[in-house]
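Look at the fold below before you read on. Then follow the text from the overall plan down to single side chains.

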Amino acid sequence: MASTMGYGKPGLLPTPTKAGVSLATYCQSAPSQVYPSSTTYTGQHSKAHADSSKKEKKQQIQERAVNEVKNAIKPYYQKNEINKDEYKEIVRKAVEKVCHSKSGEVNSSKVAILVKAYVDKYKHARKK
């Protein structure tokens with residue numbers, strides 16, 4: 001009496017209710033309640049796409065900021081004006097500051113000025 005589905009396992013039979021209507025028939029009769037409309041789905045899809053593009057843009061800005069800061073700080077590190085720990089801390093602070101700027105762009109001359117200010121600050125703090 002039990003039917004087999006797939007790999008020889010018996011399939012599930014719908015259980016009858018008091019009214020004689022099976023649960024499987026009841027669920028199939030109202031598909032609009034079970035599935036969202038297509039307009040809702042596309043709205044969620046475009047929102048998710050916009051969020052991912054924002055993340056990608058943010059990631060690109062951060063990568064550019066890291067490269068600019070490292071290029072600006074390299075001469076100070078090679079001349080031994082700052083040590084390795086100061087280098088790491090300045091890069092971290094400068095990248096964070098550049099990424100959180102309101103302009104949303106990475107200006108290499110401004111980054112160089114920022115890095116110079118951090119190097120001077122750390123050199124001065126080390127002398128005390």
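The report starts with the whole chain and then turns to its core, a loop and its charged pairs.

## Ground rules

This is a predicted model: local features need pLDDT of at least 70, side-chain atom pairs count only at pLDDT 80 or more, and totals for chains, interfaces and linings use all residues. Residues are numbered from 1 along each chain as its sequence is written, and side-chain values use heavy atoms, with hydrogens and water left out.

## The whole chain

The protein has five helices and two strands. Along the sequence they follow the pattern β-β-α-α-α-α-α. Helices (H or I, at least four residues) and strands (E, at least two) are DSSP runs, numbered from the N terminus.

How much of the protein is buried? Buried residues make up 17% of its 128 residues. Here, buried means under 20% relative accessible area, exposed means over 50%, and partly exposed lies in between (1.4 Å probe, protein chains only).

The protein exposes about 10800 Å². Carbon and sulfur atoms supply 56% of that area. Accessible areas come from the Shrake-Rupley method with a 1.4 Å probe; for residues, only the protein chains shown count as cover.

Now take the contacts (heavy atoms within 4.5 Å). Among those with a separation of 6 or more, 56% join residues 24 or more positions apart.

## The core

A nonpolar core is a set of buried Ala, Val, Leu, Ile, Met, Phe, Trp, Tyr and Cys residues joined through side-chain atoms within 4.5 Å. The largest one holds 19 residues. Within it, Val69, Ile90 and Val115 touch the most other members. Helix 3, helix 4 and helix 5 (108-127) each supply at least two residues of this core.

Which residues does Val69 touch? Leaving out residues up to four places away in sequence, they are Val91, Ala94, Val95, Val111 and Val115.

## The loop between helix 3 and helix 4

Helix 3 (38-78) and helix 4 (84-99) are joined by a loop that contains Ile82. Asn80 lies in this loop too.

Is Ile82 buried or exposed? Ile82 counts as buried, because its relative accessibility is 3%. Leaving aside neighbours within four places in sequence, Ile82 is in contact with Ile73, Tyr76, Tyr77, Tyr87, Ile90, Val119 and Arg126. Take Val119: it is 37 residues from Ile82 in sequence, yet their C-alpha atoms are 7.1 Å apart in space.

Asn80 is exposed, with a relative accessible area of 65%. Its backbone has a positive phi of about 60 degrees, although Asn80 is not a glycine.

## One aromatic pair

Rings of Phe, Tyr and Trp (its six-membered ring) pair if their centres lie within 6.5 Å; planes under 30 degrees apart count as stacked, over 60 as edge-to-face and the rest as tilted. A search of the whole structure finds one such pair. Tyr77 and Tyr87 form it, with 5.1 Å centre to centre and 50 degrees between the planes, so the pair is tilted. The pair links distant parts of the chain: Tyr77 is in helix 3, Tyr87 is in helix 4, and ten residues separate them. Tyr77 is partly exposed, at 35% relative accessible area.

## Salt bridges

Side chains of opposite charge can pair when their charged atoms come close. A salt bridge is a side-chain nitrogen of Lys or Arg within 4 Å of a carboxyl oxygen of Asp or Glu. The structure holds four salt bridges. The table gives N to O distances for some of them, including these.

| Salt bridge | N to O distance |
|---|---|
| Lys123 and Glu81 | 3.2 Å |
| Glu86 and Arg126 | 3.0 Å |
| Lys93 and Glu89 | 3.6 Å |

Lys123 and Glu81 link distant parts of the chain: Lys123 is in helix 5, Glu81 is in the loop between helix 3 and helix 4, and they are 42 residues apart. Lys123 is partly exposed at 26%, and Glu81 is partly exposed at 21%.

Glu86 in helix 4 and Arg126 in helix 5 are 40 residues apart. Glu86 is buried, with a relative accessible area of 10%, whereas Arg126 is partly exposed at 44%.

Lys93 and Glu89 both lie in helix 4. They are four residues apart, about one turn of the helix. Lys93 is partly exposed at 26%, and Glu89 is partly exposed at 32%.
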